[in-house]
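This report takes a reader through a structure step by step, beginning with how its chains meet. Please keep the sequence and the model at hand while reading.

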There are 2 protein chains.
Amino acid sequence: MKKISKKDDYIIIVGCGRLGSHLANLLSVSEKSVVIIDRDEKAFSRLDTNFSGFTIEADAIELEVLRDARIDQADVFVAVTNDDNTNIMIAQTAKRIYKIPKVIARVIEPNKQKIYENLDIVTICPTILSAEEFKKIIN
Amino acid sequence: MKKISKKDDYIIIVGCGRLGSHLANLLSVSEKSVVIIDRDEKAFSRLDTNFSGFTIEADAIELEVLRDARIDQADVFVAVTNDDNTNIMIAQTAKRIYKIPKVIARVIEPNKQKIYENLDIVTICPTILSAEEFKKIIN
């Protein structure tokens, strides 16, 4: 555990599944200040033993939880729960209410990506990304 | 439905989930000859209405199914079921028994990618791919 200094990028990740934990581990190695939130304490077992960030066991759809995570100080907010509607909702909260400069969300259903288009939220759809990668290798 | 001509790349995709169907739709648009196999007929509803390939409702872990799909003529074999062990097994069959030039498999669990390393099978892990994409945007 390290203290968050003003110099570091402060990153909040919601969802500690395969993607959230993998990303948190990557960012932790590159010395970012990371807080990762998940409803299920067991999810944190995916984090590397030398993960240098903080974990919060709570439901991030509650504003109080985001406030406890000091969302007002975050530079980056990442929504990667396994539920598209949750991701859309919390990403909007981060963008509209807390004006987080960089908000990025995972989209599971490729056709839901359109919903984000007008919200100024960057999205990553692993299915689309992977299909394009497969296509590159095939061509 | 179109007839497979010798000039086209002949591509077999196993698994018509989000990724398999999205890839099949992409390849169909770029005029590749595609056969997609899934155990569950309902899975094919993910294909575009103008999907130009063939569908086979069957379990691809049975050699007979792969033979019926004319695996011996395939240029590319893609294993994208929702089960890593199935993907490893059928990808190996395609590579070792049928000597398919290009075999590509999806890996769900990032730590299983190592298993493929010595098998000359190209792998794509959507979690690793997506985490790297998130990291690029954050940096």
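In this predicted model, 100% of the interface residues of chain A are also interface residues in chain B, so the two copies meet through the same surface (contact means heavy atoms within 4.5 Å). Chain A can be laid on chain B with an RMSD of 0.0 Å by a turn of 180 degrees with a shift of 0.0 Å along the axis, the superposition being a least-squares fit on the C-alpha atoms of residues with pLDDT of at least 70 in both copies. The two copies are thus related as by a two-fold rotation axis, and Pro126(A) is the residue of chain A that comes closest to this axis, at 2.8 Å (C-alpha).

The model is predicted, so that local features need pLDDT of at least 70 and side-chain atom pairs count only at pLDDT 80 or more, while totals for chains, interfaces and linings use all residues. Residues are numbered from 1 along each chain as its sequence is written, chains are lettered from A and ligands numbered from 1 in the order in which they are written, and side-chain values use heavy atoms, with hydrogens and water left out.

In chain A, 6 strands form an open sheet in the order 3-2-1-4-5-6 with parallel pairing; strands are DSSP runs (E, at least two residues), as helices are (H or I, at least four), numbered from the N terminus, and two strands pair if DSSP finds at least two bridges between them. Strand 3 (54-57) and strand 6 (122-124) of chain A stand at the edges, each with a single partner strand, so one side of each is left without a neighbour in the sheet. Strand 2 (residues 33-38) of chain A is joined to strand 3 of chain A by 4 bridges, and Ile37(A) has Ile56(A) as its bridge partner there.

Helix 5 (residues 126-138) of chain B packs on this sheet, and the sheet of chain B is met by helix 5 of chain A, as tabulated here with angles from 0 to 180 degrees between N-to-C directions of axes fitted to C-alpha atoms, for helices over the stretch in contact.

| Helix | Strands met | Angle to strand 5 |
|---|---|---|
| Helix 5 of chain B | strands 1, 4, 5 and 6 of chain A | about 170 degrees |
| Helix 5 of chain A | strands 1, 4, 5 and 6 of chain B | about 170 degrees |
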